[in-house]
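Trainee: Before we look at anything, can you take me through how the labels on a model like this get assigned? I'd like to see the reasoning behind each one.

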Amino acid sequence: MPAVFGSVDMTGLFLLNVFWVTNVTPLAAGGAVSFTYWILCGLLFFVPCSLVMAQLAYLYPSVGGIYNWTYHILGSRWSFFVGLCAWLPGILSMINACAAIVSLLQAINGSWFPFPWQQGCVIGVLLLLTWTFSVQRTRVVQHVLNVAVGAMGFATLLMMVAIGVWLMRGHPSMTNVTDAAGWRLTLGPQGNLALLGSATLALLGSDMPLTLAGETKHRKTIPRHLTWGTLLTLGGYVIFTLGVLVIQGAGTAQQTVNPMALLVGTVDHVFGQAMGSIMAFCLLLYFLMIPVALNLCFSRFLVVAALHQQISVHFARLNRQRVPATALRNQVLIAIAFTALIYIAVPLFNLKQSADLSSVARSSSQMIRGYVFITIRLHHVSLFSGVKL
């Protein structure tokens, strides 16, 4: 496959994989202590992961990411297992991203798609659109992804301006973020330790763009995109959390079920409906492109597994646009099958919270992958000695 990705492209893919503003709601509901968890998870988890990934990608700069790293260090059996654990969250994340679009549409009109089967049908259509767009020439697809990331950048800037305008108009902050007691970690049944899991989950997935490491134009692209992606992701999460806490307050975040309604309503509350509509459009474009980015990144697992003869070689075949069309197509079909299970079959048997199944499975697979990732780092420290980025 051709080398088409530059630093800006990889940074955009990093953000599309990790920076999901829907993750802000549970953190904002916890109040000012959410900033403590962003700092802790950022410094003790997110930044170290980026450093380790930069070292691994420098040593093995080829397609496959964590599959390729595990193959060289632990062997083919472990690489297939880890690749499977990394690939499954991608399928479920595609569904979650489409579900976020459904939430945004419901924020626009609360009467739309009240039943799970209706939501599942919308998600299925969005996944089919993802398939259609993903099989186009990679450079064309990446241009559109970059535009979507730019839209999210504008949405983040809009949230920053909203915070400033709200305070300059003389409105008080709806959450006292200057009180040191509000930043304190607390344990027990009424504690806030659960926010640690929310913050950690929000920062997972930064290794996924590295499945495309073999398709980058320059070797320096890898450390550059990891640096900028890490900084922009943490900064974006802090800005959106601050905006919700200052303008809406932790109480409103606790009572709001729809995270998209909370974010659009925050801007709407300051500037009015017109700017709120612009925020909604930016979020819509961004989340429409997230499944495309995920499909792009996670298809490389199937390509590498096919080349290693772990699955059918058909998954490694390229179309006229020089993209793995078979892998891209089958990922979407599998995602549609999961969607039918979660939104149609499970509610049919009256199982509660069926939509949360994808999040649970995604979290479990991510934890397994993280365990193996740390094992590689601890048991093969000698591999990283003397490596300079």
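Mentor: Sure. Start with a cut-off: a residue is buried under 20% relative accessible area, exposed over 50%, and partly exposed in between. And keep in mind that this is a predicted model.

Trainee: Okay, then why is leucine 40 called partly exposed?

Mentor: Its relative accessible area is 33%. Partly exposed covers what lies between 20% and 50%, so leucine 40 gets that label. Leucine 40 belongs to helix α3, residues 33-59. Setting aside neighbours within four places in sequence, leucine 40 touches Phe45 and Leu185.

Trainee: What makes two rings a pair, and how many aromatic pairs are there?

Mentor: Ring centres have to lie within 6.5 Å, and a search of the whole structure turns up ten aromatic pairs. Take tryptophan 112 and phenylalanine 113: their ring centres are 6.4 Å apart, so they make the 6.5 Å limit.

Trainee: And why is that pair of tryptophan 112 and phenylalanine 113 called tilted?

Mentor: Planes under 30 degrees apart would be stacked and over 60 edge-to-face, with the rest tilted. Here the planes are at 55°, so the pair is tilted. Tryptophan 112 has a relative accessible area of 37% and phenylalanine 113 has 24%, so both count as partly exposed.

Trainee: What about phenylalanine 298 and phenylalanine 301: what kind of pair do they form?

Mentor: Another tilted one, with 5.9 Å centre to centre and 50° between the planes. Both sit in helix α12 (residues 273-307), three residues apart, or about one turn of the helix. An α-helix has 3.6 residues a turn, so residues three or four places apart point the same way.

Trainee: Are phenylalanine 298 and phenylalanine 301 buried or exposed?

Mentor: Buried. Phenylalanine 298 has 4% relative accessible area and phenylalanine 301 has 3%, and the limit for buried is under 20%.

Trainee: Which residues do ring pairs link into a cluster?

Mentor: Phe19, Trp38, Tyr237 and Phe240.

Trainee: How do you know that the charged end of arginine 219 sits over the ring of tyrosine 58?

Mentor: The distance to the ring centre is 4.3 Å, and the cut-off is within 6 Å, along with an angle within 35 degrees of the ring normal.

Trainee: Now helix α11, residues 259-271. How do you know that its length agrees with what a helix should span?

Mentor: Its 13 residues should span 18 Å at 1.5 Å a residue, and its end C-alpha atoms are 19 Å apart, which agrees. At the N-terminal end, asparagine 258 acts as a cap, with a side-chain oxygen 3.0 Å from the backbone nitrogen of methionine 260. Just after α11, glycine 272 takes a positive phi of about 105°.

Trainee: What covers the buried residues of α11?

Mentor: The cover includes α2, α5, α7, α9, α10 and α12. Among the buried residues are Met260, Leu263 and Val267.

Trainee: Why is α1 called largely enclosed?

Mentor: Ten of its twelve residues are buried, so the rest of the structure largely encloses it. Its cover includes α3, α7, α8, α9 and α12.

Trainee: And for the whole protein, how many helices and strands are there?

Mentor: There are 14 helices and zero strands. Of the 389 residues, 51% count as buried.

Methods:
Residues numbered from 1 in each chain as written. Predicted model: local features only at pLDDT ≥ 70, side-chain atom pairs only at ≥ 80, totals over all residues. Heavy atoms only, no water. Phe/Tyr/Trp six-rings, centres within 6.5 Å; stacked < 30°, edge-to-face > 60°. Buried < 20%, exposed > 50% of the residue type's maximum accessible area, 1.4 Å probe, protein only. Helix = DSSP H or I, 4+ residues; strand = E, 2+ residues; numbered from the N terminus. Contact = heavy atoms within 4.5 Å. Expected span 1.5 Å × (residues − 1). Polar contact = N/O pair within 3.5 Å; in protein donor to acceptor, adjacent residues only side chain to side chain.
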